[in-house]
Amino acid sequence: MKAIEVLDPKVQACIRKRGFTLLSDAQKEAIPLILRGDHTLLIAPTGTGKTESAMFPVFNALLTMPSDGGFKALYITPLRSLNRDILSRMQWWCSELGLTVGVRHGDTPMAERRKQALYPPDLLITTPETVQALFMGKRLRHHLASVRFVIVDEIHELAGSKRGAQLAVALERLHVYAGEFQRIGLSATVGNPQDIARFLCGERPFSLVQVPVAKNLKIDVRYVGDDFRHQTEVLSQMLKREGSTLVFVNTRVTAEALGHALFERGDVEVHHGSLSKEVRIDAEERFKRGEIHTLICTSSMELGIDIGRIDHVIQFGSPREVARLVQRVGRAGHQLNTVSHGTILATGFDDLLESLVIAKKARANELEEVIAEQNAADVLANQVAAIAVEYGEIERQKIVDILCRTSLFREPALLLEDVCRQMEEHRLIRLDGSRIITTARARRYLAGNLSMIHDERKVPVFDMVSRRTVGTLDESFVVGWVHTGVVFITKGQLWRVLEIADGKLTVEPAKKVSGELPSWEGEQIPVPFSVAREAGAIRRSRRITDYTSDPDNVAYAGQFLVEMDKNRSLVPTDRLISLENTDDGVVCNVCAGHKANEALGRVLSVLISARYGTTVGLELDAYRILLRLPFDIRAADVRDLLLSLDPAHMPGIIRLSLKRTALFKWKLVQIAKKFGAVDPDADYEKISIIRLLEFFDNTIVQQEAFRELLTGYMDIEAASAIARQIKTGEMSVGIGPHSLIGAGGLLSSRDQIPPPTADQAILSTLRRRLDQDDVFLCCMNCRDWKSKTVVSRIPDHPQCPKCGARLIAALKPYEEDSFTMVKKSRKTSEERAVEQRLMKNANMVLSSGKKAVIALSGRGVGPENASRILATLTDGDAFYREILKAERNFIQTHRYWT
Amino acid sequence: MNLEFVGDGPALVVEDKLRFLIAADLHFGIEADLAQHGLHFRSRSKDRLERLLAIIDRTDPDGLVLLGDVKHSIPTLTRQEYYELPRILATLRDRVPLLVFPGNHDTGIERYLVPGEIFAREGAVIDGVGYLHGHMYPSPSLAGHLMIAGHHHPLLTLRDRVGCALQSPAYLRAGVNNVALRMAEQGEADAPTRVLFMPAFNEIAGYDLFQIIRNPTSPLSRHINSDDTEIILADGTYIGPLKTLIPDESD
């Protein structure tokens, strides 16, 4: 307890009164530094009293400060629920010490807000978004001038996101009023603490306190089979022991499914973001009181919300990331110096290997890095609008100064220039020389855009057939991609869009289509490159025992690989990419994680779509890429592409490919919203939004969409590294039969890469039309045989069944009569001319076979045009292009129109 | 009579005795309306006008036929239109004689046109071809002619073997029922009348053409014969009869 002896006696008394007898390492180390006035980043596991570490010295300082109104300290957390939790903890301390505390966020009632404006509490607990709102009111701005401390809790949750970038700018906007204030960041363990500190402090010096988490972790991995019923039975058995358990799952759907399966036990509740606040708080309270022993939750419970004692953490399915596992398991044994117990229940082969790798990395403290959003143009646009409203009008240089103090903008002046020009385009600000002036729209814009979180309007999907709503889609997705006639997937089913109107999507069930469409049912947590690679290494070495001693795990994984060998399948590893032909296309098994596979998959798709002129469907996960292809493009073709990949060209190829994809359009709409081009409640009906998006070509909005996708959604570096390894031979590429591994996995991300020109869609429409065309085959030799059929059924060289001749004329339905004319023995000169045309026709079929029939089926294509087409001696697409040319000429003529 | 398709319009050149450039649905001033609906963009009038002027220069017509919805706002003029329209129309008039068939969005446009430029909303036959905007019953004088109409903004979506690949403005050419369109009496022997729906010149206007047929909203679209309907892309590529595209919809 030595560390607190430096504190004010009143604070010391309080600490004793609260019953603290021991200080944690985190507290011991951090308190003196913070008391000294250092900007401090404290990295420690949940439950080590981080909040107190920060607040004891802050209380100490607040006691000595005059109470002259104004906020003295801001405590910022990423979640409202965390705010409530912190508030209930702070209230006791503040009332003991005679300080005032308040909370302000989206749920705070108007009356409370007004009170805060009149009598600002010393300590204000808030969210990054509400910090934004504080700058909008004159009185609140005044109160900000007295801020001396800013505490950012769970900073690792913010540092890697646009929300975080927005907060970093807000802190420097605060600096304008408050001058230098002390910054304290509280973080869970991360791979790159220095970067997080920079995020908080910019270029200012800081102190770093790190309390390692790994030594207190005990993590088991257990294979529980791939049958959901069996999985829930195992889980249920595990819950029978004493004590309380948190069960973490990766999706809300899984949370619901498990909750449903375990409902009858009566001691289980579900907790995730889609549930209402009341339901969630009730579950938390009941868990805290010990009325229920198990809480099934998503990442909503990762953060330090106090729900009392947790004895054990179960992770259902691979945690995907090391940091996530550490964070989740760290919730167990919520007392000082106790070991945190966690068990991962692995649900399949990939899942098991991945879990083993992640568990090992967690023990070795090898956590992922949190990468801050550098130069995010939409964050800047949002902040320029906010600053314009805040000041009415402001010199550009002042904004540059603000940006320069953060660590997130390189060359801010240039970026600001582009952003301002774009914002003026959307009438969000006005520019007057070097000044930026607010507009009537800006305040309204801010009200709807305080947050950088894409709070998406959901578009209901209404099934015409069953006349019920079957789900919802993200609005940006609908706007950017969906149009009448397209097929998409939601709830695991195919739907065709009939109409987009009145804010809803009317659909009908679709049967199997050759192409599946993009679907994002919640963004997935990506598996990092290093984890997927190491899982690939286990497949190669087969030394599962290096990772686990559990006999079930070893037996299952061993057996799985033996089965692969028995089927003569290639086992893809960190040194082998295996390609497999399937009915849908080609599976490329690449152990590279989601982001690298996303990059690699897109490069392959765009190369294929360019070479073969077809759209390529793309689905992928951390271990495989499924390219949906026409049947004639096979694994060998994909192998050739892989072998000839030039790593230097990959970034350019990806940029090129992105522009026309659903993913890009979806991002573009989201970013356009932040630039004020699209209101949150915009009405898109009756205009072609897809063509509207073309207005963003070569603008900063488009550039930002590229930047975000290329840094956040894919890992080009890693994909290029793989291409290099293929070149040097470190990575081999093999073709094998469709295997257990290739067939496995739930593919999480879907998109389509269209070809660079629309030519192919037109050509396939033309082929389909000509195939379906009715045609009369008439024998010009015996002149006694006539048969009606469709073009697709005609053999390569049609022959008369009566006389065996191949002198067959192919007539359009409306030309049928001319054959009757020809059969006449006495002909007029006109009829003789018709006969000559038919002979010409038949001679062409005689020499060119079906190809002549196809050419003759073209709209307005007579024997003359057909012989011109055939004379080009073209084949395939080129041949059909000649027909298109002839048709295009025809419809420009009088004959077509009258 | 010959037709030329100007793909970068979309626009048409119709040539018989005279040579006319046809464009439909320019919707000058649409940006003010977009803003009302939450989409905020600066005015594209200048770009749109320049595109049209370039086509006029290239095609060198004897007259420019605007098939309605030259302006956008109804029922009144917006500030944007008040400032932009006079100059736009004057610029066009300087190059080539104007023939305007007012559409449902053209309320108030008369004040910016000079006498002789405005034609009947129900349409008129010029040089053997019928022209109208297409939101009303056509004048009976158009019976037996090719009628070229705007108003519907047809947009075609095509798929290749894997998925969706193309969305393009398109023309819809269809036979119409003269009697239902009140252009002829029942039993009257009449020459067949065809209508050609033009895609919108405005770059963001577009409406799925299958919707035009499935949920017709105008007299013309209600009384077309869908068996005798063919689709042509903006650049004159012949796509084919509508019915060959329908199976594509329900595979």
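Modeller: Two strands count as paired if DSSP finds at least two bridges between them. The model under discussion is a predicted one.

Biologist: How do you know that β14(A) and β16(A) pair?

Modeller: Strand β16 of chain A covers residues 435–438, and three bridges join it to β14(A). The requirement is at least two bridges, so these strands count as a pair. Their pairing is antiparallel, and A:Ile394 stands opposite A:Ile436 of β16(A).

Biologist: In what order do the strands of this sheet of chain A stand?

Modeller: The order is β14-β16-β15 in an open sheet of three strands, paired in the antiparallel sense.

Biologist: What makes β14 and β15 of chain A edge strands?

Modeller: β14 (393–395) and β15 (429–432) each have a single partner strand, so each has one side without a neighbour in the sheet. The average turn between neighbouring strands of this sheet is 25°, direction ignored.

Biologist: Which helix packs on this sheet, and how do you know that they touch?

Modeller: Helix α18 of chain A (residues 412–425) touches β15 and β16 of chain A. The test for such a contact is heavy atoms within 4.5 Å. The direction of α18 makes about 120° with that of β15(A).

Biologist: Let us turn to the six-stranded sheet of chain A. How are its strands ordered and paired?

Modeller: This open sheet runs β8-β13-β12-β9-β11-β10, with parallel pairing. Its edge strands are β8 (217–223) and β10 (268–271), each of which pairs on one side only. From one strand to the next, the twist averages 20°.

Biologist: How do you know that β9(A) and β12(A) are partners?

Modeller: Four bridges connect β9 (residues 245–248) with β12 (residues 312–316) in the parallel sense. Since at least two are needed, the pair qualifies. A:Val247 has A:Ile314 of β12(A) as its bridge partner.

Biologist: Which helices pack on this sheet?

Modeller: Helix α13 of chain A (residues 277–288) touches β9, β10 and β11 (294–297), and its direction makes about 140° with that of β10(A). Helix α15 of chain A (residues 349–363) touches β8 and β13 (340–346), at about 170° to the direction of β8(A).

Biologist: Why are α9(A) and α16(A) called roughly parallel?

Modeller: The axes of α9 (residues 162–178) and α16 (residues 377–391) come within 9 Å and cross at roughly 30°. Angles under 35 degrees count as roughly parallel, so the term applies to α9(A) and α16(A). Their crossing is right-handed. The residues in contact include A:Val169 and A:Arg173 of α9(A), and A:Gln383 and A:Ala386 of α16(A). By class, the contact has nine nonpolar, three polar and four charged residues.

Biologist: How do α23(A) and α24(A) pack, by angle and axis separation?

Modeller: Helix α23 (residues 593–612) and helix α24 (residues 635–643) have axes 11 Å apart, at an angle of about 115°. This crossing is right-handed as well. Among the residues that meet are A:Leu604 and A:Arg611 from α23(A), and A:Asp637 and A:Leu641 from α24(A). The contact holds seven nonpolar and two charged residues, with no polar ones.

Biologist: Finally, why is chain B called as compact as a globular protein of its length?

Modeller: Its radius of gyration is 18 Å, and the globule rule gives 18 Å for 251 residues; the values are close, so the description holds. Chain B has six helices and 14 strands, and its C-alpha trace spans about 45 × 45 × 35 Å along the principal axes.

Notes
Residues are numbered from 1 along each chain as its sequence is written. Chains are lettered from A and ligands numbered from 1 in the order in which they are written. This is a predicted model: local features need pLDDT of at least 70, side-chain atom pairs count only at pLDDT 80 or more; totals for chains, interfaces and linings use all residues. Side-chain values use heavy atoms; hydrogens and water are left out. Axes are lines fitted to C-alpha atoms, for helices over the stretch in contact, and angles run from 0 to 180 degrees between N-to-C directions. Angles under 35 degrees count as roughly parallel, over 145 as roughly antiparallel, 65 to 115 as roughly perpendicular and the rest as oblique. A crossing is left-handed if the near helix is turned anticlockwise from the far one by less than a right angle, and right-handed if clockwise. Ala, Val, Leu, Ile, Met, Phe, Trp, Tyr, Cys and Pro count as nonpolar, Asp, Glu, Lys and Arg as charged, and the others, Gly among them, as polar. The radius of gyration is taken over C-alpha atoms; the globule rule is 2.2 Å times the number of residues to the power 0.38.
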